[in-house]
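Work through the following exercises with the sequence and the coordinates open. Each task is followed by a solution in steps.

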Amino acid sequence: MAQAYMTETGNGGSEPEPSGSGLRRRLAELRGDPGIWRRGIVTAGLAALISLVMIFHASLPNDVGNLGSLTETFLPWLGVAVPLLLVAAVVRKSATALIAILLTAVVWVNLFGGLVTDKSGSGGNLVVATHNVDADNPDPKSTAQSLAKSGSDVLALTELKAGAVPTYEKYLGAVYKYHSVEGTVGVWSKYPLTASQAVDIRLGWTRAMRATVSSPQGPIAVFVAHLPSVRVKLNAGFTANQRDNSADALGAALAAEPLKKVILLGDLNGTMNDRSLSEVTSQMRSTQGAAGDGFGFTWPAQFPMARIDQIMVRGIQPEASWSLPHTGSDHLPIAARVTVKP
């Protein structure tokens, strides 16, 4: 037993085994283990499957339960499987599984590694913010007071309950001289607003609007939108058809906008990865993706798992993007600093 840890010396005594020899011995044992490549096949298979889903997520069908969109909504969370599978591979002493998990980690980093780092800069001459304030918000006064301290020049609110609008007007009015409300969405601005009007997103009631903000750098078209909610049902999968139709209509409105500088603010009930929002995302740039710190998840507020609230720009340079403190809503508010050239 002692020979595993001690070596004989020339005078018949013993001394501790040289540093590193234990590791070399263990590696030698593993090299001589014929099962190291055969064990952990199931773990390796799971890792390979996750890699394939991440690489080919755009090929997942949406015909049955909108499986593709559902997967894309929570796609970054597939990375959680890497450390779990790694533990299984180590326990099983499987080289095959370790290699497969390494490849999965490489795929995840390639897709999402850029979102983990802080890409924010110090420039910018306009701050914008958006918040789904929640129709069932128990304290709209505190929410309004918190948003008034956000430092934003333009603030968009969605899911405005008619009875709560006067509260937001009262407590935001001291900071924002101009505002306009259309249906359940509204925009508050430190700069004059003109040409405010509802945007038809094929719902039958108003959940989107457009206004021109007369900023010091020139006119900016500001769109505020709250796309229909989606649901995950056992008998129907990811039900998002109404949201998808509204996204197409919003995309058409953005494409028809004559102003070169455009900002889209609101709750799109979908992530930038969701193919069903492509009519919008293909022509706009996410401030979080371009200049954010981390993933910037916004919902649910208590434990954010997806960024379904968005700030997107066109003809404008993102400089920084971040989340604001939790309010009484089930969403987190978000803000961005951008550069608008004259």
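The exercises cover model confidence, the nonpolar cores, one sheet and the salt bridges.

**Exercise 1. Confidence**

Task: State what mean pLDDT the protein has, and where pLDDT stays under 50.

Solution. The model is predicted, so confidence is checked before any contact is read. The mean pLDDT of the protein is 90. A value of 70 or more is reached by 88% of the residues. Over residues 1-10, pLDDT stays under 50. For this stretch the model has 16 contacts beyond four places in sequence.

**Exercise 2. The nonpolar cores**

Task: Find which members of the largest nonpolar core touch the most other members, and which elements give two or more residues to this core.

Solution.
1. The largest nonpolar core has 22 residues. Those that touch the most other members are V128, V187, V222, I263 and L265.
2. Two or more residues each come from strand 3 (126-132), strand 4 (154-158), strand 6 (185-189), strand 8 (208-215), strand 9 (218-226), strand 12 (262-267), strand 14 (309-314) and strand 16 (334-339).
3. A second core, separate from this one, has 19 residues, including I201, F223, L250 and V280.
4. Take V128 as a test case. Leaving out residues up to four places away in sequence, V128 touches S152, V154, I263, L265, I311, I334, A335 and A336.
5. For context, nonpolar side chains in soluble globular proteins tend to be buried together.

**Exercise 3. A six-stranded sheet**

Task: Give the strand order of the open sheet of six strands, and name its edge strands.

Solution.
1. The order is 5-6-4-3-16-15, and the pairing is mixed.
2. Strand 5 (178-182) and strand 15 (317-323) are the edges, since each pairs on one side only.
3. Ignoring direction, neighbouring strands of this sheet are turned by 15° against each other on average.
4. Inside the sheet, strand 4 and strand 6 pair in the antiparallel sense, over four bridges. L157 stands opposite G186 in strand 6.

**Exercise 4. Salt bridges**

Task: The structure holds five salt bridges. For the bridge between E72 and R275, decide whether each partner is buried or partly exposed.

Solution.
1. The closest N and O atoms of E72 and R275 are 3.1 Å apart.
2. E72 lies in helix 3 (residues 67-73) and R275 in the loop between strand 12 and helix 9 (278-281). The pair links distant parts of the chain, 203 residues apart.
3. The cut-off for buried is under 20% relative accessible area. E72 has 1% relative accessibility and therefore counts as buried.
4. R275 has 24% relative accessibility and therefore counts as partly exposed.

Task: Locate the partners of the bridge between R210 and E257.

Solution. The N to O distance is 2.7 Å. R210 is in strand 8, and E257 is in the loop between helix 8 (241-255) and strand 12, 47 residues apart. Both R210 and E257 are buried.

Task: Which residues are linked with D274 in a network of salt bridges?

Solution.
1. D274 forms a salt bridge with R243, with the closest N and O atoms 3.0 Å apart.
2. D274 is in the loop between strand 12 and helix 9, whereas R243 is in helix 8, 31 residues apart.
3. D274 counts as buried because its relative accessibility is 1%. R243 is buried, with a relative accessible area of 0%.
4. The network links R243, D244 and D274.

Notes: Residues numbered from 1 in each chain as written. Predicted model: local features only at pLDDT ≥ 70, side-chain atom pairs only at ≥ 80, totals over all residues. Heavy atoms only, no water. Core = buried A, V, L, I, M, F, W, Y, C linked by side-chain atoms within 4.5 Å. Buried < 20%, exposed > 50% of the residue type's maximum accessible area, 1.4 Å probe, protein only. Contact = heavy atoms within 4.5 Å. Pairing = 2+ DSSP bridges. Axes fitted to C-alpha atoms, helices over the stretch in contact; angles between N-to-C directions. Salt bridge = Lys/Arg side-chain N within 4 Å of Asp/Glu carboxyl O. pLDDT = per-residue confidence, 0-100.
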